[in-house]
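Hello,

Here is the structure I promised to pass on to you. Please have a look at it first, and then read my notes underneath.

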Amino acid sequence: MALLTCDNLSVGYEGRPVAKDIQFAVHPGDYLCIVGENGSGKTTLMKTILGLLPPLSGTLKTQGEGRRIGYLPQQSAAQRDFPASVKEVVLSGCLNQGRGLFYTKAQKERARHNMERLDVWKLQNRCYRELSGGQQQRALLARALCAADTMLLLDEPAAGLDPQITEDMYQVIEQLNQAGLTIIMITHDVAASLTYASHILHVAGTPLYFGPKAGYLQSPEGRRYAQEGKA
Amino acid sequence: MTGGIIETLTMYLSYPFVRYALIVGVLVALSASLLGVVLVLRRLSYIGDGLAHVAFGAMAIATVMNVTNNMLLVLPITILFSILLLHGGRRVKIQGDAAIAMMSVGALAIGYILFNLFPPKGGNVSGDVCTTLFGSTSILTLSRQEVWLSIGLSAGVVLLFVLFYNRVFALTFDGEFAAATGMNTGLYNIAIAVVIATVISLAMNLVGSLLISALLVFPALSAMRVYKSFRAVVICSAVFGVVAALAGILVSILAGTPVGATIVAADIAGFLLFTLAGLMKGRIQG
């Protein structure tokens with residue numbers, strides 16, 4: 001059973017479509033990379049999947065655990081100088097785990113578990129803005145895991161990180177995927193998607209390809225992108 | 001010398017209007033400093049200023065129309081504009097900051113025209129405008145009813161802030177993540193807009209519309225110089241706002257300076273002090 005199914009989906013703003021006829025499905029354990037150039041509708045598609053934008057037409061169905069998606073956003077300028085401790089940031093991911101006003105023991109335990117899982121437990125009282133880029137991403141990933149531990153949507157998780165940290169970040173995501181998490185990752189980095197993904201969705205206004213990675217390498221787009229090394 | 005100051009203060013504090021001013025001043029400063037943290041961190045400090053000018057325009061209308069309780073008119077109008085700015089702003093074609101600038105200057109001009117066309121009975125125009133803008137004397141003419149209104153409203157603000165603290169943090173730190181993981185951010189944004197408008201309408205009585213931004217912005221910015229977790233910034237900001245308001249009012253009583261401006265002067269002094277403290281803290285750690 002698919003966690004997320006898109007049928008003839010059109011996404012866009014105020015009735016103007018940015019990407020049309022999108023068709024794909026995500027099954028438990030998949031590692032889907034959504035690739036495409038700037039302006040191809042990747043981010044709009046992502047916002048639609050998250051429920052921040054209504055679909056223009058077509059259907060987007062989520063089932064079972066797919067209804068709760070953890071989200072790793074691109075960092076905004078405002079966050080970079082936000083006074084918050086790592087613990088406060090990670091705990092805020094637990095808000096959708098209960099209806100109460102204050103965090104319960106279970107929610108705190110969940111935050112602790114995910115901080116340990118991503119190796120930021122020791123940083124819990126440090127100020128978020130004083131962490132390195134890689135540590136900040138790990139903290140945000142722990143927050144995303146608090147919100148949902150079946151499916152994660154990552155928006156350019158390696159943007160602005162240096163090569164060593166980028167590699168490290170991909171390893172962390174790979175480990176989460178191997179532990180059973182379903183991953184949807186939006187990225188420019190074709191080399192990385194060809195290394196780690198199980199499925200690829202290539203969008204450029206309309207989808208150019210969707211399917212398993214092996215098939216992508218046989219497709220004209222896939223061959224071209226694999227040669228150029230970037231989308 | 002010290003004995004003299006205490007004697008003078010005791011003398012002044014025996015007047016109910018001075019006590020009223022202290023109570024209302026401290027409570028309004030407390031509410032404003034809490035909300036200021038949210039506004040500053042969401043890069044919306046300028047909204048305070050814009051809304052204050054809208055409140056000025058509303059106040060002019062209320063004065064011209066001879067409404068017995070100004071608040072009955074000022075509050076709804078300010079709330080309406082606050083929601084438009086904070087919530088509807090994303091859909092309007094005009095850019096957010098330009099919209100605020102337009103609204104701010106527009107309300108100020110219309111208010112001033114109204115005061116001139118229909119001068120309030122027995123008042124003088126420049127005196128009334130000055131009071132509404134700088135709040136120079138209005139805090140000393142508060143009625144018992146207004147004091148209770150302030151107590152009720154600020155108690156409400158503090159209570160809401162404490163109860164929804166975790167959600168306020170999530171919304172302020174990353175509204176998109178909060179919305180994506182199931183929070184009704186639209187509703188919370190409207191609630192925040194209403195609360196901000198209420199505090200600004202209230203604060204008109206204290207420092208007047210021109211200086212409200214100071215009450216909102218200074219405590220939060222000062223706290224951020226020194227503290228690095230959200231909780232510490234919120235607590236420090238509240239304490240800073242209360243102390244500065246208290247100090248400002250007491251000094252203005254003793255020195256005979258305008259209340260609103262003196263509170264802001266106390267805020268500036270506190271900000272410089274915290275900046276220095278932040279620099280020293282950084283040096284010790286660094």
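**What I found**

Helix H1 (residues 42-49) of chain A lies across S1, S2 and S4 of chain A, and its direction is about 120 degrees to that of S1(A). Axes here are lines fitted to C-alpha atoms, for helices over the stretch in contact, and angles run from 0 to 180 degrees between N-to-C directions. Helices (H or I, at least four residues) and strands (E, at least two) are DSSP runs, numbered from the N terminus. Residues are in contact if their C-beta atoms, placed from the backbone, lie within 7 Å.

Before going on, please note that this is a predicted model, in which local features need pLDDT of at least 70, side-chain atom pairs count only at pLDDT 80 or more, and totals for chains, interfaces and linings use all residues. Residues are numbered from 1 along each chain as its sequence is written, while chains are lettered from A and ligands numbered from 1 in the order in which they are written.

As for confidence, pLDDT is the predictor's own score for each residue, from 0 to 100. Chain A has a mean pLDDT of 85, with 93% of its residues at 70 or more. Within chain A, helix H2 (residues 77-80) has the lowest confidence, at a mean of 66, and helix H3 (residues 86-92) the highest, at 94.

Back to the strands under H1(A). They form an open, antiparallel sheet of three in the order S2-S1-S4 (chain A), where two strands pair if DSSP finds at least two bridges between them. Its edge strands are S2 (16-26) and S4 (57-62) of chain A, each pairing on one side only. From one strand to the next, the twist averages 30 degrees. Seven bridges link strand S1 (residues 4-13) of chain A to S2(A), and Gly12(A) has Pro17(A) as its bridge partner in S2(A).

Chain A is also divided into domain 1 (28-55 + 150-231) and domain 2 (76-149); these bounds come from an automatic or database domain assignment. The domain centres, taken over C-alpha atoms, are 24 Å apart. Eleven residues of domain 1 and nine of domain 2 make up the contact. On the domain 1 side, strand S6 (151-155) and helix H6 (163-178) of chain A each supply at least two residues, and H6(A) gives the most, with four.

S6(A) deserves a look of its own. Five of its five residues are buried, that is, 20 or more other C-beta atoms lie within 10 Å of their own (exposed would be 12 or fewer, partly exposed in between, with C-beta atoms placed from the backbone). Met151(A), Leu153(A) and Asp155(A) are on one side, and Leu152(A) and Leu154(A) on the other. S6(A) runs parallel to strand S5 (residues 69-72) of chain A, joined by four bridges, and pairs in the parallel sense with strand S7 (residues 182-187) of chain A over five. Leu152(A) is the bridge partner of Gly70(A) and, in S7(A), of Ile183(A).

Finally, chain B: its contact with chain A takes 24 residues from chain B and 22 from chain A. H8(B) gives the most to the chain B side, with five residues. Elsewhere, Tyr12(B) sits in helix H1 (residues 2-13) of chain B and counts as partly exposed because it has 16 C-beta neighbours inside 10 Å.

Best wishes

Notes. Two residues are in contact if their C-beta atoms, placed from the backbone, lie within 7 Å.
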